[in-house]
Amino acid sequence: MNLRFNSIAKTLVAAAALACAASASAQSAGQWTAKFGFNQLTPKVESGDISAPALPFTKADVERDIQPVVIVAYGLTDNISLEAALGTPYKHKIMGAGSIAGTGELGTVEALPPTLFAQYRFFAPTATFRPFVGIGATYAYFMKETGSGKLTALTNPGGPSTTFNIDNKFTYTAQAGVAMNINERWFADFTVNKSRLRTDVHFSTGQNQHMKLDPVAVVLAVGYKF
């Protein structure tokens, strides 16, 4: 976890600690909540090879990114809720791996993975700490795919610039976290989401590449109950 994310974590924890003297309140049936935080999205990449005529074991890696996020939830019952997130696209660098490790940046892509979760929250609504689990439907949407000169040199030396696109996919995401009630209206929470995401990259040269991305999201947020 980088220094930027550590700083965010310390700020949120400090804010929660200052308010802990207030009484806890419910996250209960019929209640809306909204929270603001930061999400670190880290793809857990297992790359396939770019198809011939690329060099054998020509693979790729995808770097993580951090973006702000707003998350809205509604309590169906005292223990079951629905949750959805709104945020800006994640901007990922695509790097050479396998036999081309160390060649640097092959391109960039922006990803937007909206997810609707169904959650189960443990303990009574008045509990100070409420662990929760969830399962969600995710649509992984990729945009602004941009190749670099290094990608062209690898896939189409001496020819026009190589472009690419990544298939959008429906998939699912598992969730686990814990919320801490700070006072009657404010709360903080920590959430980890893990998605199953397999997709394919298509290059303007006619080559293809299969990618297992399976991203892990770590969210730190502070929220308000309406």
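The largest pocket in this predicted model holds about 720 Å³ of space. Of the 50 residues lining it, L41, Y90, A111, P113 and P215 sit closest to the centre. What does the lining look like by class? Here's the breakdown, with nonpolar residues in front.

| Class in the pocket lining | Count |
|---|---|
| Nonpolar | 32 residues |
| Polar | 15 residues |
| Charged | three residues |

Which strand gives the largest share of that lining? That would be β7 (residues 105-112), with five residues.

Strand β7 turns up again in the largest nonpolar core, where its three residues are the biggest contribution. This core has 19 residues in total, and the ones with the most contacts inside it are F142, F164, I166, V201, F203, M211 and L213. Besides β7, the strands β3 (58-62), β9 (129-147), β10 (164-166) and β13 (198-203) each put in at least two residues. As a general point, nonpolar side chains in soluble globular proteins tend to be buried together.

Let's zoom in on I166, one of the core residues with the most contacts. Setting aside neighbours within four places in sequence, I166 is in contact with V109, F142, E145, T199, D200 and V201.

Now for the whole chain. There are two helices and 15 strands, and 44% of the 226 residues are buried. If you take contacts between residues at least 6 apart in sequence, 70% of them join residues at least 24 apart. As for the outside, the accessible surface is about 11,100 Å², with 64% of that belonging to carbon and sulfur atoms.

Methods. Residues numbered from 1 in each chain as written. Predicted model: local features only at pLDDT ≥ 70, side-chain atom pairs only at ≥ 80, totals over all residues. Heavy atoms only, no water. 1 Å grid on protein atoms, 1.4 Å probe; cavity = no way out; pocket = protein on both sides within 12 Å on 5 of 7 lines; lining within 4 Å. Points joined across faces, edges and corners; volume = space filled by probe spheres on them. Helix = DSSP H or I, 4+ residues; strand = E, 2+ residues; numbered from the N terminus. Nonpolar A, V, L, I, M, F, W, Y, C, P; charged D, E, K, R; others polar. Core = buried A, V, L, I, M, F, W, Y, C linked by side-chain atoms within 4.5 Å. Buried < 20%, exposed > 50% of the residue type's maximum accessible area, 1.4 Å probe, protein only. Contact = heavy atoms within 4.5 Å. Areas by Shrake-Rupley, 256 points an atom, 1.4 Å probe, with all protein chains shown as cover.
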